[in-house]
Amino acid sequence: MQNKSQQAAGTVVILGTGGTIAGSGDDVGYTAGQMSVQALVGAVPALAGRQLEAEQVAQVDSKDMSHAIWQRLAQRLAHHLAREEVAGVVVTHGTDTLEETAWFLQRVLAPAKPVVLTAAMRPATSLQADGPQNLLDAVTLAAWPGAQGVVAVLQGRVHGPAEVRKRQPFALDAFESGEDGPLAVVQEGQVRALRSWPSGEALGLERIAADAGTWPRVDIVVSHAGADGVVVEALVAAGARGLVVEGTGNGTVHASLLAALARARAAGLPVLRASRCSGGAIVGSPEGALPTAGVLTPAKARVELLLQLLLPPSS
Ligand code: SIN
């Protein structure tokens, strides 16, 4: 039960994109993205009587997330967030690329109202289904007056878009915010804030208005023992417009790979440096080092570079 202060006036819109939360089958051999978002809402008795609207934006396993779906999702979010009667929006999503979508939406929309991504590690048909509780918590959060920006809620923990990452391939408790920790917790319908919510300036929908098929190609290359420049050269030849290097440790890069990246930069390609480590941020930027993506995972750094390359129409 929510107390009075947590009962925000307003509609919560739930946008479905697929994922295991909408999956059907056993705990390993299931198919993601099978059940409609309306069916997911209908399966949570505690949501009956809430002011909700549900809309299916996509129905995919999030490993297959595309730029075109991101574009459509951002457009539908902007539409609903602009409606006065809407308190916030929930997005049901797969866990596998949730963190990339979260960063993309935060950078494009930086919404003043909450956009709450949620997901599940077990399909809707599982005896251990975690989707219903996650969806209930997401609706609670989307209606909570203290929330803003794009966040993710799973297992009662609310994660910020820069920090959220999937750390475990199968456990129910698969998400974390690293050293920074969660923004808030949701327990028994009560939200307890722990630190400040995401803010910042929105890049705006115009930034992503071009046909998604024409968006610049940005790829990730990995530094590892025995690495060389072959992949970088192949990607440049294939038309890459930007590269993220997933470096070792504090963002260090094998000398042979680094030489190829330096040639790519000299040819005008921007390069961002992230870390293979599963937590923490790259510290410092020694003279001459490639620009760092800070706390962003390589996959989020790719989103960041993509958005930088998608210049506004006027520039
Ligand atoms: C997906 O990301 O769509 C499948 C995996 C999951 O949601 O847990």
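In this predicted model, the ligand sits among Gly19, Thr20, Tyr30, Asp61, Ser62, Gly94, Thr95, Asp96 and Ala120. Sort that shell by residue type and you get two nonpolar, five polar and two charged residues. The charged pair is Asp61 and Asp96, while Tyr30 and Ala120 count as nonpolar.

So what do the oxygen atoms of the ligand meet? Here are three polar contacts, with the part of each residue that takes part:

| Residue | Protein atom | Distance to a ligand oxygen atom |
|---|---|---|
| Asp61 | side-chain N or O | 3.2 Å |
| Thr95 | polar side-chain atom | 2.5 Å |
| Asp96 | backbone N or O | 3.0 Å |

Note that Asp61 uses its side chain here, whereas Asp96 makes its contact through the backbone. As for how covered the ligand is, on its own it would expose 250 Å², and the protein buries 96% of that.

Now for a pair of helices. How do H5 and H6 pack? Helix H5 spans residues 230-237 and helix H6 spans residues 255-266, with their axes 8 Å apart and at an angle of about 25 degrees. Angles under 35 degrees count as roughly parallel, and H5 and H6 are therefore roughly parallel to each other.

Which residues do the touching? H5 brings Val232, Glu233 and Val236, and H6 answers with Leu257, Ala260, Leu261, Arg263 and Ala264. That contact is made up of six nonpolar residues, no polar ones and two charged ones. The charged residues are Glu233 from H5 and Arg263 from H6.

Definitions and conventions: Residues are numbered from 1 along each chain as its sequence is written. This is a predicted model: local features need pLDDT of at least 70, side-chain atom pairs count only at pLDDT 80 or more; totals for chains, interfaces and linings use all residues. Side-chain values use heavy atoms; hydrogens and water are left out. Axes are lines fitted to C-alpha atoms, for helices over the stretch in contact, and angles run from 0 to 180 degrees between N-to-C directions. Helices (H or I, at least four residues) and strands (E, at least two) are DSSP runs, numbered from the N terminus. Angles under 35 degrees count as roughly parallel, over 145 as roughly antiparallel, 65 to 115 as roughly perpendicular and the rest as oblique. Contact means heavy atoms within 4.5 Å. A residue is near a molecule or strand if one of its heavy atoms lies within 4 Å of it. A polar contact is a pair of N or O atoms within 3.5 Å; within protein, one must be able to donate a hydrogen and the other to accept it, and residues adjacent in sequence count only if both atoms are side-chain atoms. Accessible areas come from the Shrake-Rupley method with a 1.4 Å probe; for residues, only the protein chains shown count as cover.
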